[in-house]
There are 2 protein chains.
Amino acid sequence: MSVNEQAQRAREAATALGTATRATKDAALLAMADALLARTPEILTGNAADVAAAREGGLTAAMIDRLSLTEGRVEAMAEALRQMAALPDPVGEVVRGSTLPNGLELRQIRVPFGVVGIVYEGRPNVTVDAAGICLKSGNAALLRGSSSAAHSNAALTAVLRDAVETAGLPADAVQLLDSTTRDSVKELMRARGLVDVLIPRGGASLIKAVVEESTVPVIETGVGNCHVYVDAAADLDKALAIVMNSKTQRLSTCNTAESLLVHEAVADAFLPRVLAAFAEAGVTVHGDPGVAAYSSSVVPATEEDFAAEYLSADISAAVVGSLREAVRHIRRYGTQHTEAIVTESVAASREFVAHVDAAAVMVNASTRFTDGGEFGFGAEIGISTQKLHARGPMGLPELTSTKYVVTGDAHLRL
Amino acid sequence: MSVNEQAQRAREAATALGTATRATKDAALLAMADALLARTPEILTGNAADVAAAREGGLTAAMIDRLSLTEGRVEAMAEALRQMAALPDPVGEVVRGSTLPNGLELRQIRVPFGVVGIVYEGRPNVTVDAAGICLKSGNAALLRGSSSAAHSNAALTAVLRDAVETAGLPADAVQLLDSTTRDSVKELMRARGLVDVLIPRGGASLIKAVVEESTVPVIETGVGNCHVYVDAAADLDKALAIVMNSKTQRLSTCNTAESLLVHEAVADAFLPRVLAAFAEAGVTVHGDPGVAAYSSSVVPATEEDFAAEYLSADISAAVVGSLREAVRHIRRYGTQHTEAIVTESVAASREFVAHVDAAAVMVNASTRFTDGGEFGFGAEIGISTQKLHARGPMGLPELTSTKYVVTGDAHLRL
């Protein structure tokens with residue numbers, strides 16, 4: 001079936017989903033969870049084929065680990081769906097409302113987008129998460145996963161579609177697109193009018209291609225060149241803990257710190273400590289001359305280093321003369337994802353928050369907190385780094401649009 | 001200067017605007033209003049050149065009227081700026097906030113987009129409105145008006161820029177792009193990273209071109225093929241008033257009704273009345289056979305008629321067998337702008353509201369109410385017909401994005 005045909009079916013499914021009650025949608029989510037558990041063997045069989053192919057193809061151990069499913073991982077997927085069922089339904093929420101001077105009743109109400117396309121890589125649990133989040137928010141999902149997970153995703157969506165149907169909703173609420181060809185991504189990008197929004201999750205090159213070529217509105221996610229700025233007024237113990245947590249708590253996420261900026265007033269006191277800690281943690285520091293002065297293990301930083309989202313045990317570092325200079329550096333190299341300041345000064349934190357343009361600004365907290373789960377959203381479809389529609393972690397409300405409902409009694413415009 | 005250079009300057013200006021206080025921005029708006037009044041003669045001189053060229057170029061009387069400025073019209077522009085100064089500042093509003101279980105303080109705060117591009121046609125007052133709305137919401141404006149209003153717009157922006165500067169904000173907060181070439185629109189569409197959002201206002205072809213080619217995120221505005229559905233349970237006196245107001249109160253606006261759907265149960269009672277009223281008002285009805293049966297003056301409707309946004313004294317009309325059929329018709333031909341139902345039945349109104357996918361749904365009210373002014377927003381930059389970010393009339397909050405500010409005390413992720 002072509003992507004266009006699948007999108008047509010999704011459109012039809014969306015009309016049913018859009019008016020489904022919360023009770024029906026939650027029942028479907030619970031049925032999906034039950035079905036994953038009941039049919040774990042066929043899911044693991046599909047996954048085994050992907051893992052075998054990955055081994056043959058020489059994928060790294062880390063990639064194979066991300067791909068591999070176990071009974072425990074399937075249970076975790078089911079649990080995530082149960083938790084979604086417990087979340088409030090965003091659809092129908094009255095966002096604003098008033099009675100106009102002429103007596104017209106104005107209400108702005110959350111409605112589903114309709115059809116949401118998601119392009120993603122890697123882990124098969126994204127298939128389940130995305131299907132669940134879309135269903136809960138009343139949207140039909142067109143899922144375009146990685147070819148490396150093709151069998152796993154096929155097994156998972158077969159199970160999910162059956163469960164959706166037993167709950168009285170159309171199976172086409174969840175559809176998997178062909179992952180063996182790039183054409184399916186291209187068709188999806190051009191399905192304007194059928195697909196309401198496209199969310200690319202993955203590397204910079206995928207996101208760039210989608211932004212360039214898509215006529216479907218896009219929510220850009222994820223690239224994070226996040227900075228931690230250690231201010232002149234920082235508590236250096238806190239700074240050390242925040243820098244190390246931001247960089248090393250997990251290396252490969254978009255909210256991991258990739259760059260350290262240190263005010264020159266605390267460079268003498270702070271840099272020897274943090275460089276030692278990085279050395280101990282096995283993190284390579286790519287520093288400017290101001291940083292390199294403190295350790296022979298510092299690698300000279302290039303322009304590319306300051307612009308890099310390493311996603312590895314590397315960090316760029318520079319000494320800055322002022323908070324203003326830190327802001328300018330971030331404006332030049334940052335990706336508007338997450339930027340952190342460590343300071344005890346209210347004035348400095350106000351200035352940093354006001355002048356740094358990013359989805360999230362942390363004051364005395366790790367960059368790793370930019371996350372739907374950490375923010376208490378209960379579910380997350382990705383982290384938007386664009387300014388339109390949604391910015392930062394996207395939960396259920398971010399997967400909705402709105403509709404004005406205006407009720408009168410033969411009201412005419414004068 | 002190239003569009004890219006202008007966008008660079010806008011970017012610089014945006015950093016100042018983004019942190020300007022409400023007091024400063026309101027002072028600038030009032031200075032802009034004062035300057036328009038003080039310098040009316042040079043504005044009228046510029047306008048006279050445009051009007052002369054329009055006469056020479058053989059533009060219609062209606063187009064020349066839209067282009068023409070008078071002292072009274074300049075006063076009205078100034079008054080609009082004064083009213084904007086009185087509106088609340090959207091920037092800094094806390095959209096949501098909570099204290100997380102670990103004590104982190106989470107706030108989601110409205111921030112300006114940064115740089116907003118607006119492409120528009122016709123009336124010079126849009127130049128002033130757009131400049132004012134952008135400034136109030138903390139955005140730098142790149143204005144690309146019609147070449148027919150080039151001298152008027154140049155005079156207006158010269159006045160506005162001077163006023164902005166006297167109020168202590170950068171003149172580059174308001175910039176006019178070259179309207180003599182299509183290239184400026186093209187450059188604007190590709191200025192991703194410099195321009196944060198692009199709002200095309202105008203005909204379907206402009207909007208289509210922008211949607212197709214822009215890499216800058218777009219908010220689509222305006223095309224309205226709006227329907228009025230007269231239900232079986234309609235009060236026919238109310239229906240007649242609402243239909244006539246929706247169609248004839250003003251012919252050339254996007255919220256004007258372009259299509260009438262009548263339930264067959266009330267066709268006998270309603271169609272003769274409404275067809276007579278249309279005849280009297282000089283409106284040509286393009287009807288299906290069910291409508292044509294009631295009057296020989298009805299012109300047979302084609303597919304194109306049902307899809308048309310006439311913006312003229314024409315309306316398409318059809319008889320439908322049920323509310324469901326009306327919804328299907330609207331889904332097929334509508335543009336998701338404004339759709340109205342006339343009914344006394346709560347059940348019918350609920351069904352229509354739930355199933356019709358549009359920016360605004362009217363129950364027993366004229367389609368003409370979809371308007372920022374009528375909705376009480378105080379200012380409007382356009383009416384969005386897309387689902388992403390903003391849907392329906394866009395006021396000041398719709399010209400903002402958000403930023404999460406997370407404050408802790410050495411909070412680390414575990």
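Begin by selecting A:Arg192 together with B:Glu220: these two residues form a salt bridge, with 2.4 Å between the closest N and O atoms. The model on display is a predicted one.

Next, extend the selection to the charged pairs across the whole interface of chain B and chain A, where 14 salt bridges are found. Polar contacts may be displayed as well; 47 residue pairs between chain B and chain A are in polar contact, both residues of each pair being at pLDDT 80 or more.

Now colour the side of chain B that touches chain A by secondary-structure element. Elements that each supply at least two residues to this side include the helices α1 (3-18), α9 (204-213), α10 (236-248) and α15 (346-355) of chain B. The strands β2 (105-112), β13 (360-365), β15 (392-394) and β16 (400-411) of chain B do likewise. Strand β16(B) deserves its own selection, for the largest share of this side, eleven residues, comes from there. Recoloured by residue class, the side of chain B that touches chain A shows 34 nonpolar, 18 polar and 19 charged residues.

Then widen the view to both partners: 71 residues of chain B are in contact with 71 residues of chain A. The area buried between the two chains is about 5900 Å², and carbon and sulfur atoms give 53% of that area. Select B:Leu388, B:Tyr404 and B:Arg413, which supply 14% of the area that chain B buries against chain A, more than any other three residues.

Finish at the strands. Strand β16 (residues 400-411) of chain A pairs with β13(B) in the parallel sense, over five bridges. Within this pairing, select A:Val405 and its bridge partner in β13(B), B:Val361.

Note on methods:
Residues numbered from 1 in each chain as written. Chains lettered and ligands numbered in written order. Predicted model: local features only at pLDDT ≥ 70, side-chain atom pairs only at ≥ 80, totals over all residues. Heavy atoms only, no water. Contact = heavy atoms within 4.5 Å. Buried area = accessible area lost by both parts, 1.4 Å probe. Salt bridge = Lys/Arg side-chain N within 4 Å of Asp/Glu carboxyl O. Polar contact = N/O pair within 3.5 Å; in protein donor to acceptor, adjacent residues only side chain to side chain. Helix = DSSP H or I, 4+ residues; strand = E, 2+ residues; numbered from the N terminus. Nonpolar A, V, L, I, M, F, W, Y, C, P; charged D, E, K, R; others polar. Pairing = 2+ DSSP bridges.
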